[in-house]
Amino acid sequence: MVSQKNPTFEEKILEQLSLIEQKKIILACSGWPDSMVLLEILRKFYWTECIQYIRVAHIHHGLRESAERDQEIVKAYCAKYNLTYECLRAHVREESQKTKTTIEECARNIRKQWLENIRKKHQAKLILTAHHADDQAETLLYRIAKWTSITGLVGIEWLTENYFRPLLSVSKREILDYAKNTPIPYGLDETNEDTTIPRNLLRHEVIPKLQTINPEVGKALERLSKSA
């Protein structure tokens, strides 16, 4: 039961997970704080016999040296708790050249296809991803900057087709605090500091400036999404 006033971080997530209880799920797990926190909460609280319902899927994109570390983090966690683990080692750079797509688009296409294959293989109901409130804010600002319709202002949705995103109500700061206090093993993507990537520019430079106007700009954008 989630308290009506000031729910804890775990309670916020469990309220969302209660909507899918007793369904077999695939968790897309990068090894970064957001997906590792979601994995920890699923393992601890989802339901008593969670092990037979959760399948953990990790994709090694072959783009960063630290990808080996991330894979080991997820693999070791799953081995420790006897969770079913599957990993795809992709060659995104080579595939993007073959398909004449950008690296980001190619990686997204590979992820989507493989996760759907895993979902069908295990006859799972949903694929869970760890998108959070900061991702939502960045998505909306990016779409506004590039020009979008009212439909585009919906942003990242909680549930679309076979995907469910139970962390959309929590911020990156809340996730990091939980990961450090629990504690939970995780890696960090060093490319997140590269501000030549539009999302990183929004995260590190644009949003902090907007917070000088409204410290709760993330919540304001969340309300915009809900209104749209």
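**Note on helix 6, strand 1 and the Tyr77–Tyr81 pair**

1. The backbone nitrogen of His132 lies 3.0 Å from a polar atom of the Asp135 side chain. The model under discussion is a predicted one, and the separation quoted here should be read accordingly.

2. Asp135 belongs to helix 6. Its relative accessible area is 15%, so Asp135 falls under the 20% limit and is classed as buried. Once neighbours within four places in sequence are set aside, Asp135 is in contact with Ala130, Ile156 and Arg199. Leu224 stands 89 residues away from Asp135 along the chain, and the C-alpha atoms of these two residues are separated by 14 Å.

3. Helix 6 comprises residues 133-146, and Ala133 is found in it. Ala133 also counts as buried, because its relative accessibility is 19% and the limit is 20%. Leaving out residues up to four places away in sequence, Ala133 touches Leu167, Leu168, Val170 and Ser171. A further pair to inspect is Ala133 and Arg55: they are 78 residues apart along the chain, with their C-alpha atoms separated by 24 Å.

4. Strand 1 covers residues 25-28, and its side chains alternate in direction: Ile25 and Leu27 point one way, whereas Ile26 and Ala28 point the other way. All four of these residues are buried.

5. Strand 1 is paired with two strands named here. It runs parallel to strand 2 (residues 54-60), to which four bridges join it; within strand 2, Val56 is the bridge partner of Leu27. Strand 1 also runs parallel to strand 4 (residues 126-128), in this case through three bridges. On that side, Ile26 has Ile127 of strand 4 as its bridge partner.

6. The count of aromatic pairs comes to two. One of them is formed by Tyr77 and Tyr81, with 4.8 Å from centre to centre and 50° between the planes. This pair is described as tilted, because an angle of 50° lies neither under 30 degrees nor over 60.

7. How do the two tyrosines of this pair rank for exposure, buried or partly exposed? Tyr77 is buried, since its relative accessible area of 5% is under 20%. Tyr81, at 24% relative accessibility, counts as partly exposed, because this value lies between 20% and 50%.

8. The ring of Tyr81 has a second partner to examine. The charged end of Arg43 sits over this ring, 3.6 Å from its centre. Tyr81 is thus to be viewed together with both Tyr77 and Arg43.

Key. Residues are numbered from 1 along each chain as its sequence is written. This is a predicted model: local features need pLDDT of at least 70, side-chain atom pairs count only at pLDDT 80 or more; totals for chains, interfaces and linings use all residues. Side-chain values use heavy atoms; hydrogens and water are left out. Buried means under 20% relative accessible area, exposed over 50%, partly exposed in between (1.4 Å probe, protein chains only). Contact means heavy atoms within 4.5 Å. Two strands pair if DSSP finds at least two bridges between them. A polar contact is a pair of N or O atoms within 3.5 Å; within protein, one must be able to donate a hydrogen and the other to accept it, and residues adjacent in sequence count only if both atoms are side-chain atoms. Rings of Phe, Tyr and Trp (its six-membered ring) pair if their centres lie within 6.5 Å; planes under 30 degrees apart count as stacked, over 60 as edge-to-face and the rest as tilted. A charge sits over a ring if NZ of Lys or CZ of Arg is within 6 Å of the ring centre and within 35 degrees of the ring normal.
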